[in-house]
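Grab a pencil and work through two short exercises on the structure below. Try each task before you read its solution.

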Amino acid sequence: MSEDLHALQRRLAEFAAARDWQQYHTPKNLAAALSVEAAELVEIFQWLTPEESATVMSDPRLAGRVEDEVADVLAYLLQFCEALGIDALTALAAKIDRNETRFPAVRQARPDRADRTADRDGDDRKEGEEGEGRGREE
């Protein structure tokens, strides 16, 4: 894990310890808090159109809210990883490796056409067949 993430985890641990909060930072509680903060991020985008959501950072008020919720999500995720001894960057790299094997590239789309290509391709699964859709990482 990069030193930057380690330094942030250390700062978060020191912050919690100075307030005697570490007793509450169990994996269960941290997972619940992470879920709540992720929901607060979703709430910002809930009724926006796709076009509005793509430009949300151009509105200073909304941009500040998005940044705050992203920070909250990341803080709880880092604390969760610390509590369970998970190296977040190593776990992410391993997951990307598995997904590259599970979901091989069909073809290389030009970056400026990726969205239109994905829209035309549709979902190849048969009706009722379970599994992950395109673009969803599990």
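Here come a pocket exercise and a helix exercise, each with a worked solution.

This is a predicted model, with local features needing pLDDT of at least 70, side-chain atom pairs counting only at pLDDT 80 or more, and totals for chains, interfaces and linings using all residues. Residues are numbered from 1 along each chain as its sequence is written, and side-chain values use heavy atoms, leaving out hydrogens and water.

**Exercise 1.** Work out which residues line the second largest pocket, and which helix gives the most to that lining.

*Solution.*
- Step 1: the lining consists of L12, F15, W21, H25, E37, D72, A75, Y76 and Q79.
- Step 2: sort them by type, and you get 5 nonpolar, 2 polar and 2 charged residues.
- Step 3: α1 (3-18) and α4 (60-84) each supply at least two lining residues, and α4 gives the most, with 4.
- Step 4: the space in this pocket comes to about 150 Å³.

**Exercise 2.** Find which residues of α5 are buried (under 20% relative accessible area, 1.4 Å probe, protein chains only), and explain why they line one face of the helix.

*Solution.*
- Step 1: α5 covers residues 88-102, and its 15 residues reach 21 Å from first C-alpha to last, close to the 21 Å expected at 1.5 Å a residue.
- Step 2: A88, K95 and N99 are the buried ones.
- Step 3: look down the axis of α5; the buried residues fall within an arc of 35° (taken from the directions from the axis to the C-beta atoms), so they line one face.
- Step 4: flip to the face turned away from the buried side, and you meet E100 and T101, which are exposed (over 50%).
- Step 5: α4 is among what covers the buried residues of α5.

Technical notes. 1 Å grid on protein atoms, 1.4 Å probe; cavity = no way out; pocket = protein on both sides within 12 Å on 5 of 7 lines; lining within 4 Å. Points joined across faces, edges and corners; volume = space filled by probe spheres on them. Nonpolar A, V, L, I, M, F, W, Y, C, P; charged D, E, K, R; others polar. Expected span 1.5 Å × (residues − 1). Contact = heavy atoms within 4.5 Å.
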